[in-house]
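Please open the model in a viewer and keep the selection panel at hand. The tour proceeds by selections, each followed by a description of what is to be found there.

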Amino acid sequence: MARRKAYEQTCHDHAVARSAGQLESWIYKVWADIPGYPRPQTLCIDGDCRRPDIIAKKGRRIQIIEFETPDTVDKDWEQHHVLRTWARR
């Protein structure tokens, strides 16, 4: 997992919180990797396990959401691969 500067982490966490709140207002069950929400499950593909920022579920629809900042946008290709592959399956 790529590391963020403190300011970038704060911006990231605010974006996660805003999106989690919006999804809740749309009646989704939300798991988010920030305080105040249940933590999302770890998703694994071929032994490589990653935790997304948000997992939201409404009925049979599941959304997996990962936020990036300028510090991490080009650094976490492995995480993106795991999350995309898990979502396709």
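## First stop: Ala 17 in helix 1

Select Ala 17 together with Ile 34 and Tyr 37, the residues it touches when those up to four places away in sequence are not counted. The model is a predicted one. Ala 17 belongs to helix 1, and its relative accessibility of 32% makes it partly exposed. A distance label drawn between the C-alpha atoms of Ala 17 and Tyr 37 should read 9.2 Å, for a separation of 20 residues in sequence.

## The nonpolar core

Next, select Ala 15, Val 16, Ala 20, Leu 23, Tyr 28, Val 30, Ala 32, Ile 34, Ile 54, Ala 56, Ile 65 and Phe 67; these twelve residues form the largest nonpolar core. Colour helix 1 (6–25), strand 1 (29–32) and strand 4 (54–58), the elements that each give two or more residues to this core. Helix 1 provides the largest share, with four residues.

Within this selection, centre the view on Tyr 28. Which residues is Tyr 28 in contact with, once its neighbours within four places in sequence are left aside? They are Leu 23, Ala 56, Lys 57, Lys 58, Arg 61 and Gln 63.

## The loop before strand 1

Move to Ile 27, in the loop between helix 1 and strand 1. Ile 27 is not a glycine, yet its phi is positive, at about 65 degrees. Is this residue, Ile 27, buried or exposed? Ile 27 counts as exposed because its relative accessibility is 64%, where the threshold for that class is over 50%.

## Strand 1 and its two faces

Select strand 1 and colour its faces separately: Val 30 and Ala 32 make up the covered face, whereas Lys 29 and Trp 31 make up the uncovered one. On the uncovered face, display the side chains of Lys 29 and Trp 31. Lys 29 lies over the face of Trp 31, at 5.2 Å from the ring centre. A search for aromatic pairs, by contrast, returns zero in this structure.

Add strand 4 to the selection. Strand 1 and strand 4 are paired in the antiparallel sense, over four bridges. To follow the register, note that Val 30 stands opposite Ala 56 and that Trp 31 stands opposite Ile 55.

## The hairpin of strand 4 and strand 5

Extend the selection to strand 5 (61–65). Strand 4 and strand 5 run antiparallel and are joined by five bridges. Lys 58 stands opposite Arg 61 of strand 5; both of these residues are also among the contacts of Tyr 28. The hairpin has two residues between its strands, and Gly 59 takes a positive phi near 65 degrees there.

## Thr 69, after strand 5

Continue along the chain to Thr 69, in the loop between strand 5 and helix 2 (77–88). Thr 69 counts as buried because its relative accessibility is 6%, and the limit for that class is under 20%. Which residues should be displayed around Thr 69, apart from neighbours within four places in sequence? Arg 4, Glu 8 and His 12 are in contact with Thr 69. Label the C-alpha distance from Thr 69 to Glu 8: these residues are 61 apart in sequence and 6.4 Å apart in space.

## Helix 2 and the strands it meets

Select helix 2, which has twelve residues. Its first and last C-alpha atoms are 16 Å apart, close to the 16 Å expected at 1.5 Å a residue. The buried residues of helix 2 are Gln 79, His 80, Val 82, Leu 83 and Thr 85, and they pack against strand 2, strand 3 and strand 5.

To inspect this packing from the side of strand 2, centre on Ile 45, which lies in that strand. Ile 45 is buried, at a relative accessible area of 5%. Beyond residues up to four places away in sequence, Ile 45 touches Val 82, Thr 85, Trp 86 and Arg 89. The C-alpha atoms of Ile 45 and Thr 85 are 7.3 Å apart, with their positions 40 residues apart in sequence.

## Last stop: Asp 46

Finally, select Asp 46, in the loop between strand 2 (43–45) and strand 3 (48–50). Asp 46 has a positive phi of about 50 degrees although it is not a glycine. With a relative accessible area of 73%, Asp 46 is exposed.

Technical notes:
Residues are numbered from 1 along each chain as its sequence is written. This is a predicted model: local features need pLDDT of at least 70, side-chain atom pairs count only at pLDDT 80 or more; totals for chains, interfaces and linings use all residues. Side-chain values use heavy atoms; hydrogens and water are left out. A nonpolar core is a set of buried Ala, Val, Leu, Ile, Met, Phe, Trp, Tyr and Cys residues joined through side-chain atoms within 4.5 Å. Buried means under 20% relative accessible area, exposed over 50%, partly exposed in between (1.4 Å probe, protein chains only). Contact means heavy atoms within 4.5 Å. Two strands pair if DSSP finds at least two bridges between them. The expected span of a helix is 1.5 Å times one less than its number of residues. Rings of Phe, Tyr and Trp (its six-membered ring) pair if their centres lie within 6.5 Å; planes under 30 degrees apart count as stacked, over 60 as edge-to-face and the rest as tilted. A charge sits over a ring if NZ of Lys or CZ of Arg is within 6 Å of the ring centre and within 35 degrees of the ring normal.
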